[in-house]
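The following exercises concern one protein chain. Please examine the sequence and the structure, attempt each task, and then compare your reasoning with the worked solution.

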Amino acid sequence: MRGAMIDQQKIEAATRLLLEGIGEDPDREGLLETPERVARMYAEVCGGLDQSAEKHLSTTFTVDSDEVVLERDIPFHSLCEHHLLPFFGRAHIAYLPNGKVVGLSKLARTVEVYARRPQLQERLTAQVADAIMEHTGARGAIVMIEAEHMCMSMRGVSKPGTKTVTVAKRGEYTTDSSLVTEFFAMVR
């Protein structure tokens with residue numbers, strides 16, 4: 001957790017400069033309130049900068065089972081830190097409890113904490129896996145993220161629909177290939 005505070009005035013001033021920089025008139029009717037809207041949007045989209053996954057993962061429930069827990073198709077959106085353009089997709093998470101499980105919504109909230117900040121997909125995947133291991137005491141965790149990046153779809157190479165897939169394995173998922181095979185079968 002960085003403890004970042006969104007400075008709406010700076011975002012508004014930067015948005016006005018951006019509009020001027022692309023040749024627009026920030027004082028024309030359609031753009032008059034754009035700096036304020038953009039500032040509110042960034043406060044929401046980057047709201048994970050001042051949040052911690054520990055808050056969501058610290059409440060656990062005792063279970064007798066040590067079988068895999070899987071939550072798949074968790075939708076998310078984030079901002080590519082290189083272009084400040086969105087990337088979005090789905091996260092799939094599995095972990096091996098060590099006598100304790102978290103509420104199912106907590107896995108989705110963990111994805112959201114890390115996705116709601118300027119990000120790299122590779123880092124996002126690793127952060128979710130690391131948080132599960134650190135805060136739940138799991139024996140293992142695996143996270144797969146599939147995402148489309150607007151920096152590839154709408155600019156540069158211009159290849160809409162291209163998906164980037166990243167995987168992070170921790171604990172028993174790094175040593176037991178049958179667990180990894182089971183995960184991929186369950187996700188598909």
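**Exercise 1: The two sides of a helix**

In this predicted model, the face of helix α1 turned away from its buried side carries the exposed residues Gln 9, Lys 10, Leu 17 and Gly 21. Determine which residues of α1 are buried, and state what arc they cover around the axis.

*Solution.*
Step 1. A residue counts as buried under 20% relative accessible area and as exposed over 50%.
Step 2. By this criterion, Ile 11, Thr 15 and Leu 19 are the buried residues to consider in α1. They cover an arc of only 75° around the axis, and therefore lie on the same side of α1.
Step 3. The general rule is that an α-helix has 3.6 residues a turn, so residues three or four places apart point the same way.
Step 4. The cover over the buried residues of α1 includes α2 (34–45).

**Exercise 2: The extent and ends of α1**

Describe the span of α1, and state which residue caps its N-terminal end.

*Solution.*
Step 1. Helix α1 comprises 14 residues, 8–21, and from its first C-alpha to its last it reaches 20 Å, close to the 20 Å expected at 1.5 Å a residue.
Step 2. The N-terminal cap is Asp 7, of which a side-chain oxygen lies 3.2 Å from the backbone nitrogen of Gln 9.
Step 3. Just after the helix, Gly 23 adopts a positive phi of about 95°.

**Exercise 3: The neighbours of strand β3**

With which strands does β3 form bridges, and how many bridges are there to each?

*Solution.*
Step 1. Strand β2 (residues 69–80) runs antiparallel to β3 and is joined to it by nine bridges. One bridge partner pair is Phe 76 with Gly 89 in β3.
Step 2. Five residues separate β2 and β3, which form a hairpin; in the turn, Leu 84 has a positive phi of about 55°.
Step 3. Strand β6 (residues 140–149) also pairs with β3 in the antiparallel sense, over 10 bridges. Here Tyr 95 stands opposite Ala 141 in β6.
Step 4. β3 (residues 86–96) is mostly covered, with eight of its 11 residues buried.

**Exercise 4: Positive phi angles outside glycine**

Where are Asp 73 and Ser 158 located, and what phi values do they have?

*Solution.*
Step 1. Most residues other than glycine have a negative phi.
Step 2. Asp 73 lies in strand β2 and has a positive phi of about 60°. Its relative accessibility is 32%, so Asp 73 counts as partly exposed.
Step 3. Ser 158 lies in the loop between α6 (150–153) and β7 (164–171), and its phi is near 50°. Its relative accessibility is 38%, so Ser 158 counts as partly exposed.

Note on methods. Residues are numbered from 1 along each chain as its sequence is written. This is a predicted model: local features need pLDDT of at least 70, side-chain atom pairs count only at pLDDT 80 or more; totals for chains, interfaces and linings use all residues. Side-chain values use heavy atoms; hydrogens and water are left out. Helices (H or I, at least four residues) and strands (E, at least two) are DSSP runs, numbered from the N terminus. The expected span of a helix is 1.5 Å times one less than its number of residues. Buried means under 20% relative accessible area, exposed over 50%, partly exposed in between (1.4 Å probe, protein chains only). The arc is that of the directions from the helix axis to the C-beta atoms. Contact means heavy atoms within 4.5 Å. A polar contact is a pair of N or O atoms within 3.5 Å; within protein, one must be able to donate a hydrogen and the other to accept it, and residues adjacent in sequence count only if both atoms are side-chain atoms. Two strands pair if DSSP finds at least two bridges between them.
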